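Student: I should like to learn how to read the features of a structure, one at a time. May we begin with a peptide bond and then proceed to larger features?

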Amino acid sequence: MADEVILLDYWPSMFGMRTRVALEEKNIKFDYREQDLFNKSPFLLEMNPVHKKIPVLIHNGKPVCESLIQVEYIDETWPGGNSFLPSDPYQRAQAKFWGDFIDKKVYGPTRLIWGAKGEEQEAGTKEFIEMLKMLESELGDKTYFGGETFGYVDIAMIGFYCWFDVLEKCGNFSIEAECPKLIAWAKRCMKRESVGKSLPNSDKITKFVPELKKKIGIE
Amino acid sequence: MAERSEEVKLLGMWASPFSRRVEIALTLKGLPYEFSEQDIANKSPLLLQSNPVHKMIPVLLHNGKPISESLVILEYIDDTWQHNQILPQDPYDKAIARFWARFVDEQIYVTAMKVVGKVGEERDAAVEATRDLLKLMEKELVGKDFLGGESLGFVDIVATLVAFWLMRTEEVVGVKVVPVEMFPEIHRWVKNLLDVDVIKKCIPPEDEHLNYIRARMDSLKLKSV
């Protein structure tokens, strides 16, 4: 049976990038549909009525929402090739823990770095660096977060990399100086075809952020 | 069930919905475990060592190895002891279950906390917002005995937070956040839950629990004066 896979997404979204990477890793053909988040389509609202957010993965007409849930769904539905999660339950739990950590602790501060000013922005920058250091400590000297194979936590984190340049500019800091191993990890990931195809260039994001600020009404 | 000697220890807190849900899962699977009540105000070295990132309960220690974050723990339990499955088998159904579990924790819980933590207009707004979220849960229950379908599942276990925490707070706060006229399905579901022995066994005893919530709220008011 031919699978129909649609992805409702927004090009700068680090969450959307996770799903793109996951689909590319499994060589799944999908229909990428760019969404206008400032003028949400009836289809998006129908497919994600609860949160009205992207990304939404639609597989044979059935929607799956939330990027990490989508990554797991992709891994379970198309089990061939590179498995994103380890088979050992304890290792799986560790991977899910770190995916959850990235969602809860890493994303929030980034909004303060590019979206806020003064003390709030400084606090965001400080927190972001602290969280990245925790991630770097978890990575250690491994090639990828999961060890030798590119997996769930790598997919959860890599989309942030194209945002690093603009975050550094806004927050006036150097991520490489704070977390060199993490940058080395990101560069390794960028060599993967799936990642290269799924992430926009850093300068595109850097140019985009001032426009985004205008759109959402912050100076 | 266990092929070798298994040591399962739960670092938890008797009044926490996140801790209790792990106890429900362990009990559903018939797994013996040691419960270690943690003092959140004075965190033990074992807790800090087992969950250095968040320093929070619950933490499950399986043969000494720690797993943190209640939803991660629930999935770990289901992966490790595969009888009496909590999550559905089908990947799509699993994705939906995971979605609703997060909805309870990230949307309902966060908003409902404001009902307890705020007063006056801010509380009223929180009540409204919580009801809007609960309407979505109400819809999910139409035609079903449990959120998991015919029997108790992952989302039911997670949503005990609504049944035995949010709804119990009504007495203490003096606001009917979840009136039966507005939420008949949720009330029916709570009755179904109370018919399940494991649930009855694993939820905090009502009177003690209400006193605890009252005491916590009083202490918060004292701080804000």
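Tutor: Let us begin with A:Pro55, which is found in the loop between α2 (42-47) and β3 (56-59) of chain A. Helices (H or I, at least four residues) and strands (E, at least two) are DSSP runs, numbered from the N terminus. The model is predicted: local features need pLDDT of at least 70, side-chain atom pairs count only at pLDDT 80 or more, and totals for chains, interfaces and linings use all residues. Residues are numbered from 1 along each chain as its sequence is written, chains are lettered from A and ligands numbered from 1 in the order in which they are written, and side-chain values use heavy atoms, with hydrogens and water left out.

Student: What is the peptide bond from A:Ile54 to A:Pro55, cis or trans?

Tutor: That bond is cis, with omega near -5°. In chain B, the bond from B:Ile57 to B:Pro58 is cis, with omega near -5°, and B:Pro58 lies in the loop between α2 (45-50) and β3 (59-62) of that chain.

Student: Which sign does phi of A:Lys52 have, positive or negative?

Tutor: Phi of A:Lys52 is near 55°, a positive value in a residue other than glycine. A:Lys52 is placed in the loop between α2 and β3 of chain A. Phi of A:Glu66 is also positive, near 80°, and A:Glu66 is in the loop between β4 (62-65) and α3 (67-77) of chain A.

Student: Why does A:Lys52 count as partly exposed?

Tutor: Buried means under 20% relative accessible area, exposed over 50%, and partly exposed in between (1.4 Å probe, protein chains only). A:Lys52 is partly exposed because its relative accessible area is 39%. With 22%, A:Glu66 is partly exposed.

Student: How should I read aromatic pairs, and how many does the structure hold?

Tutor: Rings of Phe, Tyr and Trp (its six-membered ring) pair if their centres lie within 6.5 Å; planes under 30 degrees apart count as stacked, over 60 as edge-to-face and the rest as tilted. The structure holds 19 such pairs over all chains. One of them joins A:Trp11 and A:Phe208 edge-to-face, at 5.0 Å centre to centre and 65° between the planes. This pair links distant parts of the chain, 197 residues apart: A:Trp11 is in the loop between β1 (5-9) and α1 (14-25) of chain A, and A:Phe208 in helix α11 of chain A. A:Phe208 counts as buried, at 8% relative accessibility.

Student: Why is the pair of A:Trp98 and A:Phe101 edge-to-face?

Tutor: The ring centres of A:Trp98 and A:Phe101 are 5.0 Å apart and the planes stand at 70°, so the pair is edge-to-face. About one helical turn separates A:Trp98 and A:Phe101, because they are three residues apart in helix α4 (residues 89-115) of chain A. A:Trp98 is buried at 8% relative accessibility, and A:Phe101 is buried at 0%. Elsewhere, ring pairs link A:Phe128, A:Tyr161, A:Phe164 and A:Phe173 into a cluster.

Student: Which residue lies over the face of A:Trp11?

Tutor: A charge sits over a ring if NZ of Lys or CZ of Arg is within 6 Å of the ring centre and within 35 degrees of the ring normal. A:Lys204 lies over the face of A:Trp11, 4.4 Å from the ring centre. The charged end of A:Lys26 sits over the ring of A:Phe84, 4.9 Å from its centre.

Student: How many salt bridges are found over all chains?

Tutor: A salt bridge is a side-chain nitrogen of Lys or Arg within 4 Å of a carboxyl oxygen of Asp or Glu. A search of the whole structure finds 32 over all chains. In one of them, the side chains of B:Arg98 and B:Glu75 meet at 2.8 Å, N to O. This pair links distant parts of the chain, 23 residues apart, with B:Arg98 in helix α4 (residues 91-117) and B:Glu75 in helix α3 (residues 70-80) of chain B. Both B:Arg98 and B:Glu75 are buried.

Student: Which residues are linked with B:Arg98 and B:Glu75 in a network of salt bridges?

Tutor: The network links them with A:Glu72, A:Glu76, A:Lys96 and B:Lys94.
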